[in-house]
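Biologist: Could you take a close look at one spot for me? I'd like to know how it sits in the fold.

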Amino acid sequence: MSARLLPILSFTLLAGCVAYQREAADLDTVAAEIDARPGGAMTFAEAAALTLRRHPEILAAEARARAAGLATTVPLIGNSEWRGRNETIGVMLDPVALLGFGPRGAEIELADARVRRAVTELAVARWRTVAEVAEAYRLHRVFQRLRAPALEDADLSDAPFARAGLASPVAAAALQAANAGAAAERAALDRLCQDQLSRIRHLLALPPHAALTPIHDDTPTLPDAPSLGELLDRPDLTLAVARFEVADAELRRAVAAQYPSLQIGPSMSLRGDPLRAMGMLKIPLLMHGAAAAAQERRAAARHDVEDALLEARLEAETAESARRVAGAVEARARAVLEARSAALRAAQTALAVEPEAFSGYAAAAREYVEAVSNYREAASTFAVADVRRAVAYGWPRQPATEDAL
């Protein structure tokens, strides 16, 4: 082999500058990483910041966005040949591709569009995850502030009244049902609080055994009257447009790939002969099908933009009405609960001076427990509707820029 050929081969071997490194992803390793994470007490802002740093869906989206950014370095392909009989080496490049035009230029534009799409996908993942944290915090605060029926404060049972002939079987059964309902409501509140804690742990990528105490000192401020202009800033709508831009760039690449390309370069003699010019013309055949398919994919992406906008408007409209109805139901349930609480206190007072008032007390206790349960459902429904109305208009705002990485 000629001595002049060795440097060329050595440079070829050194062209790869990224080395492979093994990384474990077995379930035992991943589980150990999760189980080692501590919990703690944190506000909503701290939880939102932590989920942005730790939630695996967001971390995966960040990695894909970084990968898309690194892929903007579109390779420049050259052809070389070695002719042993003539002892010559030929190196050819496409000058149009070297200047960033033609098919390579279309590849560069496509890579840039993919970066914008990946960054917007990251913004969507952050938007939805932080919104879910906000909903979980809001529900936890609601369930934490609610109180189970306090029938045990009266320290009354039907047995003494039944022995005295002052409690009918129907009234006794009604009081027993009220006591059972109060116990069930206490259990339901405890379960609902624990469910939200489990939900927050999941969003923070914490293990089930991690101690977690949500602090509700910084309740997120939701927009009072969002506008349609805010709706157009939703990250998922921006993502639909970014996907269209990728489809458009793919069409430009497919169109550019239909045309011939010319590669030129010198032919160098290893025996010291003068340089000679070389050229190669590549003529693509039967490329129209790929271009036509790319054109249809762009048309589909254009329709997806319209569909995303219509879906977002529908979601905002229904979320607005759902919040309005949930607010009215919550106000009614609160008023009923206040009335039932007053009626129960009056029945307890009457029972102290009118022994025959047991039936009225039992009925008041049953209605009070039902009112507590109804208010719990109404309050939680309104809390969810309030957050989801804000989310439907793009809250919380997540920037879809490369700086977000």
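Is D386 buried or exposed, and what is its relative accessible area?

Modeller: D386 is buried, because its relative accessible area is just 8% (buried means under 20%, exposed over 50%, partly exposed in between, with a 1.4 Å probe and protein chains only). Bear in mind that this is a predicted model, where local features need pLDDT of at least 70 and side-chain atom pairs pLDDT 80 or more, while totals for chains, interfaces and linings use all residues. Numbering runs from 1 along each chain as its sequence is written, and side-chain values use heavy atoms, without hydrogens or water.

D386 belongs to helix α12, residues 358-392 (helices are DSSP runs of H or I, at least four residues; strands are E, at least two; both are numbered from the N terminus). Leaving out residues up to four places away in sequence, D386 touches R138, L222 and R323 (contact means heavy atoms within 4.5 Å).

For contrast, try L286 in the loop between β6 (276-282) and α11 (288-353): L286 counts as exposed because its relative accessible area is 76%.

As for aromatics, the count comes to 1 pair (Phe, Tyr and six-membered Trp rings with centres within 6.5 Å; planes under 30 degrees apart are stacked, over 60 edge-to-face, the rest tilted). That's F44 with Y137, edge-to-face, at 6.0 Å centre to centre and 70 degrees between the planes. The pair joins distant parts of the chain, with F44 in helix α3 (residues 44-54) and Y137 in helix α6 (residues 102-145), 93 residues apart. Both F44 and Y137 are buried.
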